[in-house]
Amino acid sequence: MSSKTLAVGAVAGALATHTARRLRSASLGSRSELDNNTSPRKSSSAATPTFAPMAKNVGILAVEVYTPSTFVSQTKLEEHSGVSAGRYTIGLGQDGLGVCGDCEDVNSLSLTVVHSLLEKYDIDPSEVGRLEVGTETLVDKSKSTKTILMDLFPNNTDIEGATIINACYGGTAALLNAFTWVESDGWDGRYAIVVAADIAAYARGPARPTCGAGAVAVLIGRDAPLAFSDPRERTTHAANVWDFFKPDHTVEYPTVDGALSQVCYYRALEDCYNRFADKLDKISETTTKGSVKEVAEHFDAESADYFVFHSPYNKLVQKSYARLFLLDARRRHEKGISFHREEEKKETKEGVEDSDEILAAWLTKPIEETYSDKALEATLKKLSYSSFKQRLTDSNAASKAIGNTYTASVFFGLASLIDRAGGSGELTPGKKAVVFSYGSGALATMYRLHVREPVQTRFSIDRMAKALSLTERLTSREEVHPSELDHALETRARMHRAGAPYSPVYPTTGRLFPGTYYLNGIDLKWTRTYSRVPLDAKMEPHETSLAPPIVLRLAKRDEVSCPVTGKLEVLSSAQEGHSDLHTEAKKRVACVITGISAGLPRTDGKVFESDNLDRLVRGDQCIAPISGSIKMAMLDKNIVQVKKLPGGKIQRVPFKTEKDIASIAAVMGTVNLTAAYGVPPGLAETMDIAAQVAVAAGMEALKSAGLVSGKSNSPEEWKLPEQYRDTTGVVYASSFPAMDAAVGEVMKYLQSKTVAAADSARLIAALRSRLIRASHDREISDDDEAAFARLLSRAKETEEGPLGEEITQLSKPYQFDRKFLFRVLVLGNAQLAQLAGCRGPNTQTNAACAGTTQAIAMAQDMLISGRAERLVVIAGDNASGDTLMPWLGSGFRALGAATACEAVEDAACPFDRRRSGMILGSGAIGMVLETETSCQERLKITSS
């Protein structure tokens, strides 16, 4: 961090000294004037007892805002995310969003905006008697952000208020509390400050474009230029719904039901607005009794000069304001009130028609059915378009540029209105603004503010607009590449997983606005400390990347292995006597892939070559023609395919020629566990080929992960270090586990009982006898005798030649292989565990072609549940080998699932109309899945 930064206490002390000196020398008169103008006036109360609260004119004296110095363009985010143009800019109605890394949190945002408010308006810390914060971005479940802010108020411990939490509503609750406190007879003449601050963060997905960050501080007092003049002018909605909530304190990301949340927003708006309009109608009727007016004016969507809505995204505000026109029409319909404003009549193709007539089809329709009615939405958009531009353009401008700021959102709307309408001189006394605040869960309030000319001269709309200069401040922000949003949020996610101690890295303080507070770090006791960027600091050039090198390195790693997170199973805190297991059980676990390997089918070399992954990426050919002997073995199976014909008839199609059966396959190369990994020959013989290639894949994956050295074929080079053995498990996936061994052994037995059971001489003699019996005179010709003699001679030559040994072996009586059970029972997972020393969880799964995917999911579950720190996932099959191909190839052809095409280019077209079935193959993969924490600790040990 910069050496020029100041500690919070030192800055607050300097501020207090400066402001106290100012008050002593120059402000005593103005303070007396303020006290005279803002203290309760008994004479006014006595004169108008019915409206005594109105005479106090409690409201907003000053506003200050803060948003990060960097932002992402929504247009460029569309391009970066690969979505259609307009998805975020038109679909959400957003222009940009603020980016906030791990060096800022809700405490730093609040410190920044409150300190700036005190400085800009020359407010002495002793002038503040209430300070309340609304936020949902918690950094502590006990200590409130309000207490952090007390460092800005040295020598003033008499400040009421706390931190309020309820989604996006907390700031409004704090505001209403402040209004009540200042309006009450117990008010001591000091100001109240309301702070709304949040960092809206969402996981990767459709909600991420609605991120944002910002904070607003509002000064509340009497004789305000923007006054909550009549406390009767407000309504509140409260309900129990689960539309948006944050049950997992280990992550910032919420659990959201987007569709339900929008409906809840509509329901709250409808409830608040209908009762709000009824209240104002009653107030209007009371004030017009006895006056010249014969009919009191009924409140509707065009009665107020301005509206300010809570804005998660601008399109929701547009739709919500438009729905007020429907609510107005339904209220008039229910109460029998005629639509009488000539200026609100709308022209249609049929002529002139008022909005009630246009909306006639929806006036009696159940309100819930209107929420998703697209025809109604289009109609309301047309009816409200000009009014929306007139009444909400100014208040929506900031949120469109900043993004969602949760509790601060509605206050940014007020600040934007003051900046734009107040700065242009349009926010004049007598004008009114209706504010609607909503927080999921759900709480909502609608209230009305009045613009007035205060008696005191210290605070005014004009001064607020100049102090805000919000449009200029937003223009001065640095636009960054859309990838910075992912970098920032992933860095924040790592911070939440890292625990204590922690040092922030993103961004560097040189990229923050002068006067911005930032997080120094979190120490071993979880204490957070903050510093402030000096007001005279120079910002770093914008051309460089916002993310520091360490963040870019981590992002590069995540491109290869993006962490997958899950929650630990809750364990009993008393289990095994460990009192902290309950806390440990709630930690978030990230799973990363740290090692990979692939064994490819190839007839020209070993299954495991150093260039295998490169071959996969290049798309090298691994498919070859099937041998003639395998084809004959398949034809010998008398394959019959059953086809269903139109009309329900069944046709049986026998395969009689080589063109009917599989012609190509991906055949396994050679694997020698003894030569490559030092596996004892006797142990290697207990594995079938599928298990052998899977074990080899596991060994290579462990080497890829750096868990074994694998420098030679010494068995010790392929064993895990002792400290990793108990925490490493194995999951094995295979579609045909041990079938190669089982089928091969059965075929050996059958051969011993058929042709191989007799020698050549006996077969020739048996054939001669059958020929004699078949002749009429029980004799054979001399030519036949000569042929048999030549056959016997040829048989003797064969037995004495190269084939003699094979024939001798086949002719031996069958002897059961004592290792048969090992081959069919002890599968690849057990074999790898024995060879590599994996003593963690060990299992096998079979889900056909989805087996490896299922194995990875099982491994992740084991990591998340805390059963292991790493899992080796292996998979192997040899479906195209000499033993299984005649059976599996015949089976897939009988089902019509395997292709009979002879050319690869005709057969390998799975997503083509010409596809005619699959190509059988073989191979293996290995993958090491590891908890991110375990990986980081292991790499630390390795590097040291």
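**Exercise 1.** Which residues form a nonpolar patch on the surface?

*Solution.* Work on the predicted model.
- Step 1: Find I593, I596, L613 and L616; they form the patch.
- Step 2: Take their accessible area together, which is about 320 Å².
- Step 3: Name the elements that give two or more residues to the patch: β22 (588-599) and α18 (612-618).
- Step 4: Check one member, L613, which lies in helix α18. Its relative accessible area is 38%. Buried means under 20% and exposed means over 50%, with partly exposed in between. L613 is therefore partly exposed.

**Exercise 2.** Describe how helix α4 packs and how its ends look.

*Solution.*
- Step 1: Locate α4 at residues 74-81 and pick out its buried residues: Q74, L77 and E78.
- Step 2: Look down the helix axis. The buried residues fall within an arc of 105°, so they line one face of α4.
- Step 3: Find their partners. The buried residues of α4 pack against β3 (70-73), β4 (96-98) and α15 (483-498).
- Step 4: Go to the start of α4. A side-chain oxygen of S73 comes within 3.3 Å of the backbone nitrogen of T75.
- Step 5: Go just past α4. There G82 has a positive phi of about 75°.

**Exercise 3.** Is S734 buried or exposed, and what does S734 touch?

*Solution.*
- Step 1: Place S734 in the loop between β27 (728-733) and α24 (739-752).
- Step 2: Read its relative accessibility, 3%; S734 therefore counts as buried.
- Step 3: Leave out residues up to four places away in sequence. S734 then touches A690, Q844, T845, N846, G876 and D877.
- Step 4: Zoom in on G876. Its backbone oxygen lies 2.9 Å from a polar side-chain atom of S734.
- Step 5: Compare sequence with space. S734 and A847 are 113 residues apart in sequence, yet 7.9 Å apart from C-alpha to C-alpha.

Conventions:
Residues numbered from 1 in each chain as written. Predicted model: local features only at pLDDT ≥ 70, side-chain atom pairs only at ≥ 80, totals over all residues. Heavy atoms only, no water. Buried < 20%, exposed > 50% of the residue type's maximum accessible area, 1.4 Å probe, protein only. Helix = DSSP H or I, 4+ residues; strand = E, 2+ residues; numbered from the N terminus. Arc of directions from axis to C-beta. Contact = heavy atoms within 4.5 Å. Polar contact = N/O pair within 3.5 Å; in protein donor to acceptor, adjacent residues only side chain to side chain. Patch = residues over 30% accessible without salt bridge, like charges linked within 9 Å, V, L, I, M, F, W, Y side chains within 5 Å. Areas by Shrake-Rupley, 256 points an atom, 1.4 Å probe, with all protein chains shown as cover. Salt bridge = Lys/Arg side-chain N within 4 Å of Asp/Glu carboxyl O.
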